[in-house]
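Subject: Structure handover

Hello,

Here is the structure for your files. My notes on what was found follow below it.

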Amino acid sequence: MSQVVFEAKNLKKYFYLRKTLKDSLQGKPTPIVHAVDGVSFTVNKGEIVGVVGESGCGKTTLGRVLLKLIEPTAGNIVFEGKDITKLTAEQMKLYRRKLQLVFQDPFESMNPRMDIYSIIAEPLRIQGLDKDEAEVEAKILKTLDEVELKPAEEYIYRYPHELSGGQRQRIAIARALVLDPEFIVADEPVSMLDVSIRGEVLNLMLRLSKERDVSFVYITHDLATARHICNRIIVMYLGETVEQCTADELVYSPLHPYTKALISAVLPPKPQEGGVKAILEGEVPNAANPPSGCRLHPRCPIAKEICSKQSPELRDIGNNHLVACHFAKK
Amino acid sequence: MKKRGFWVNATKFCREFISKPQGRLGLIILGLFIFVAVAAPILTPYDPIDDLYLAEGMAKPAWAKVLPGNSKLPVTVHTRLGFNEWQVASGEDLHNAEEIKENAFAIKTTPGEFSKLVHDVNYKTDPPGNFHFETRYSIDASEETTTVLAFVIVDPNGKEWRLWEKKIFGSLKPQDLLIDSRQLDLKTRLGLTIFDEASKVIFAKKGQYKVLLRAYSEGEPAIITMEPVAVNIQGKLHGVLGADHMGGDLWSQLIYGARISLIIGIVAALIAVFIGTAIGIASGYIGGFVDEFFMRLADVMLSIPTMPVLIILSSLIGKNIWNVVILIALFSWTSTARIVRSQTLTLKERAFVEAARASGASKTYTMLVHILPNVIPLVFAALVLLIPGAILYEATLSFLGLGDPTTPTWGRMLHNARSFGAFTMRAWWWILPPGLAITLLSLSFVFIGNTLDEILNPRNKERA
Ligand SMILES: Nc1ncnc2c1ncn2[C@@H]1O[C@H](COP(=O)(O)OP(=O)(O)OP(=O)(O)O)[C@@H](O)[C@H]1O
Ligand SMILES: [Mg+2]
């Protein structure tokens, strides 16, 4: 269980925006969006790691960087002990069999002109594993079975628009699974689905991680679902990790004020905190122009002077519980 | 089973298309033109370029006879006199000679007697411009036999005009026989001066004329074999739409023009759309320098006034129809490239493209498998909308005399009409049909293109 499959080391992704003509004449600097700003974590075999945060905090960008769909600005990605950060597209191709992706919107993620069979067969074709058509078909049927679309034969010649959202998301997972990957990034895979289907899809991920030892990075803004299936959770705020620990510890003893706010938004407040909801004030600041010091300080209920000056380190306060707050104590 | 989705979509699409009046009208007009283009050889017996002097230059249409002042105008006669048309006047021995050519015939002479074949012509109008007889014949006879062959026209008064006569010793290999009212020896034989017009003299009367083929041999019987005689009497009334300045048939020019216009329009638009799609996808998907380069190139092409440049270029590179097509295509790809590029830019951001990349797809693969099929409907509409432009460009070039003179296009018809006085003669049957044809054909493509655009453009419709 404790074998490390995937490791992100101090990953950064900055987007350099275009200057307007006026700004460049005035000599203003190029605006930079610090979408991901120094995120590190490891994922063990068969583990589900949750990445939680508000909209715009860089979760999707992180997911794309993890799979090298966009190049990281800095940092390293290590997969099965090999640093894949600098690999070319050509060299990456083999690794792509083991690294897969599930998207938020199951309609967008499928070519409307392809039937289910072609959609699921596509990774095999791209990877040149389609030499034997009978084998391809067997593989597809098996994978459909695995994502609990039964009877599989009934689905394979349909088109995405003929399926329900839940069925489509299963197809998307099947496409990710068909190459037998070791590691899957699931970017808000259930946020577009009915509440009733969410549990089924999440349980599917849980089962895959247990039975097939597939590791997941589960990206979501919904702490409740993350807690349900994740072993560990990373809380992000404006591109930075603010807290990282096991799911239970995060929910029962959150240390960072931001995490507390997130939790109180979804769970009933605990009596020991006076029964008041910890609510953050204000809007999420512009990612292109983050606040100085601790990025949360303008919205933080416990902010002191130091918070606006000095950015808190992400420190381990014991038991692998990482938190980035000046005032965090066990 | 596998194709189910496709057929469902296709039938749905067709039903939607037919439900729009504009689309229906466009299809009907286009269908008509396609029928005309395909059935051209059935609709007219003449070749639009090679068949000249069918009638007098600038002959009016045959139906103009009913118009005031035209009732006495000579009608063009264009026929073939073969085995079925000749009557035996004397000598009896007429045979079918199908083995040489359909409807060919042979006469066997009896030595010392005249063999005569007759064909009656009722001629009741003013004298024609020229006449022209053409055939091929051979003689099979022994060395000692002498044969005299003659071609004669007998007028209503019984006067014989010997147009042609030849004395042959023995056999004769197949050879051409050509009688034309403008030939000098013909005029001399008839006792006319070179300034007389033979047809005016011979056909001066109105009534029953006879065409006579006369053979006489001495010694042993001779066998004369002859292909059907092509008779052409050039009148001032001709065919469905009259004749051009060279006596060429305007109706066949109009009909064959549909072929050319359709081919030119479609081929030029196809090339343009092919270039445009390739450039649009590459620009949109690859981006960066490639995008910058092609889009600036498109800007340049757009800002060049197309027509003047086309005029100069086509006069420089020669009057070949395919040169014109390629030139038109090179100036028409920009609109497609822009549409395709913008569509590619949105497709590129769709998650299925990223999913393919996550599986290791190359750029080429993504462009061909994910982008191309999704821009095809748009491209299809663009193609149809480019066709009328190409047709009009070609027509304009031809009208200016920069087209291919050996190709029967509508623009060429209009060019000839203008250059050879159709406008001053108010020969509207020459000017209006090609003009209307160009307009109607272009319009049909515009109608169809608009309908396609309405149905297929994602701008007009949410998720398919
Ligand atoms: N291609 C890009 N160019 C410039 N800025 C970008 C780009 N992609 C993302 N960003 C910016 O990076 C920040 C993080 O975006 P990201 O999509 O990763 O957020 P997210 O956490 O996934 O949000 P959501 O929950 O809404 O999906 C945002 O401020 C976004 O505007
Ligand atoms: Mg996102």
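In this predicted model, chain B has 14 helices and twelve strands. The radius of gyration of chain B is 31 Å, whereas the globule rule gives 23 Å for 464 residues; the value is well over the rule, so chain B is more spread out than a compact globule. Along the principal axes, the box filled by its C-alpha atoms is roughly 100 × 50 × 45 Å.

On burial and contacts: of the 464 residues in chain B, 50% are buried. Among contacts in chain B with a separation of 6 or more, 79% are between residues 24 or more positions apart.

On the surface and charges: chain B exposes about 21,900 Å², and 63% of that area comes from carbon and sulfur atoms. Chain B carries 45 positive and 41 negative charges, and the mean positions of the two sets are 12 Å apart.

On cysteines: how many disulfides does a search of the whole structure find? Over all chains, the count is zero. A:Cys245, for example, is in no disulfide. The nearest cysteine sulfur to A:Cys245 belongs to A:Cys230 and is 11 Å away; a disulfide needs the two sulfur atoms within 2.5 Å. A:Cys245 is buried, at a relative accessible area of 1%. B:Cys14, by contrast, is partly exposed, at a relative accessible area of 43%.

Regards

Methods. Residues numbered from 1 in each chain as written. Chains lettered and ligands numbered in written order. Predicted model: local features only at pLDDT ≥ 70, side-chain atom pairs only at ≥ 80, totals over all residues. Heavy atoms only, no water. Helix = DSSP H or I, 4+ residues; strand = E, 2+ residues; numbered from the N terminus. Rg over C-alpha atoms; globule rule 2.2 N^0.38 Å. Buried < 20%, exposed > 50% of the residue type's maximum accessible area, 1.4 Å probe, protein only. Contact = heavy atoms within 4.5 Å. Areas by Shrake-Rupley, 256 points an atom, 1.4 Å probe, with all protein chains shown as cover. Lys, Arg positive; Asp, Glu negative; His and termini not counted. Charge placed at Lys NZ, Arg CZ, Asp CG, Glu CD.
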